[in-house]
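Subject: Structure handover

Hello,

The structure you asked about is below, and my notes follow it. Please read them alongside the coordinates.

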Amino acid sequence: MLLNDHIAVITGAASPRGIGRATAELFLEHGATVAVLDRDREALEATCRELGERAHAYVCDVTDWESVQGAIESVVARLGVPHTLVNNAGITQPKGLLEIEEGDFDAVMAVNLKGAFFCSKALMPHLTRAGRGSIVNMSSVSAERGGGIFGGPHYSAAKSGMLGLMRALARNHAADGIRVNAVAPGFIETDITAGKLTEAQHRQIRESIPMQRTGRPLDVARICLFLASELSEYVTGEVIDVNGGMHI
Ligand code: NAD
């Protein structure tokens, strides 16, 4: 049990097959109390019912400052000051540069990058007062090597932005006892990726991965657990790739 007496906020954790949901499950297994923030009320309520009494649902749109601030203040009032924030909510669009309209660009930036900024900003005063905390930004292999099939250039830019944000916060808040890191998943089987490929495309992707398999949400959740727990207490400003060796 790595997270006894631990309170975690995980955004975008309502999707039943998603990375956020797997992270919430693993944190609960390790003793944490988890606040799940998601804009999808129906999925959120179903998820929290399934996850049990230590999972608490907060309807929240991470692109809306008032919604984020309200959710974080409610979490603090009800559960106490969180120890960990996982900025996981994200959307992607499989579009090339010439297809991306201004509204597409803004939407992808808003959920992935501005959402992480808003959640970090709302929580930081509480973490600073508590003198401890861990923030994990869910970036992507797309930040490091271009979008591939699922993410357009705007997605790559947003996920790179999350790395810049992570490094700045890590440096600025390290002396306050707050660690900030990122996880960069490769191809993980979730609703973002499900059903969008032919079997031939899927095989091609598997064969391009040195470990010859796509990732599972649990592969990513385990890294979030490491970054939330004391196992990583001297780690800040880092990106951990979870991609079966795609950078080799
Ligand atoms: P998913 O679609 O299963 O889950 C995303 C969740 O975010 C959903 O529950 C959705 O309701 C929520 N969400 C979307 N917009 C929101 C908003 N404005 N406010 C609050 N919640 C919102 O996706 P996933 O594959 O589990 O992805 C999770 C994260 O991992 C994302 O940030 C994604 O970019 C990143 N990622 C995924 C992969 C992959 O291969 N699946 C690879 C690299 C990075």
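Strand E4 pairs with strand E5 (residues 133-138) through four bridges, and the two run parallel. One of the paired positions is Thr84, whose bridge partner in E5 is Ser134. Bear in mind throughout that this is a predicted model.

E4 is also joined to E1, again in parallel, by three bridges. There, Val9 has Leu85 of E4 as its bridge partner. E4 itself spans residues 84-87 and is covered on both faces. Thr84 and Val86 are buried on one side, Leu85 and Asn87 on the other. That split follows because side chains in a regular strand alternate between the two faces of the sheet.

Next, helix H3. H3 covers residues 65-79, 15 in number, and reaches 21 Å from its first C-alpha to its last, close to the 21 Å expected. Its buried residues include Val68, Ala71, Ile72 and Val75. These lie on the same side of H3, because they cover an arc of only 95° around the axis. Among the elements that cover them are strands E1 (7-11), E2 (33-38) and E3 (55-59), and helix H4 (102-130). On the face turned away from the buried side, H3 carries Glu66, Ala77 and Arg78, which are exposed. After H3 comes Gly80, with a positive phi near 110°.

Last, the ligand. There are 29 residues around the ligand, and Gly12, Ser15, Gly18, Gly90 and Thr190 come nearest. By type, the shell divides into twelve nonpolar, twelve polar and five charged residues.

Regards

Notes: Residues numbered from 1 in each chain as written. Predicted model: local features only at pLDDT ≥ 70, side-chain atom pairs only at ≥ 80, totals over all residues. Expected span 1.5 Å × (residues − 1). Buried ≥ 20, exposed ≤ 12 C-beta atoms within 10 Å, placed from the backbone. Arc of directions from axis to C-beta. Contact = placed C-beta atoms within 7 Å. Near = placed C-beta within 6 Å. Nonpolar A, V, L, I, M, F, W, Y, C, P; charged D, E, K, R; others polar. Pairing = 2+ DSSP bridges.
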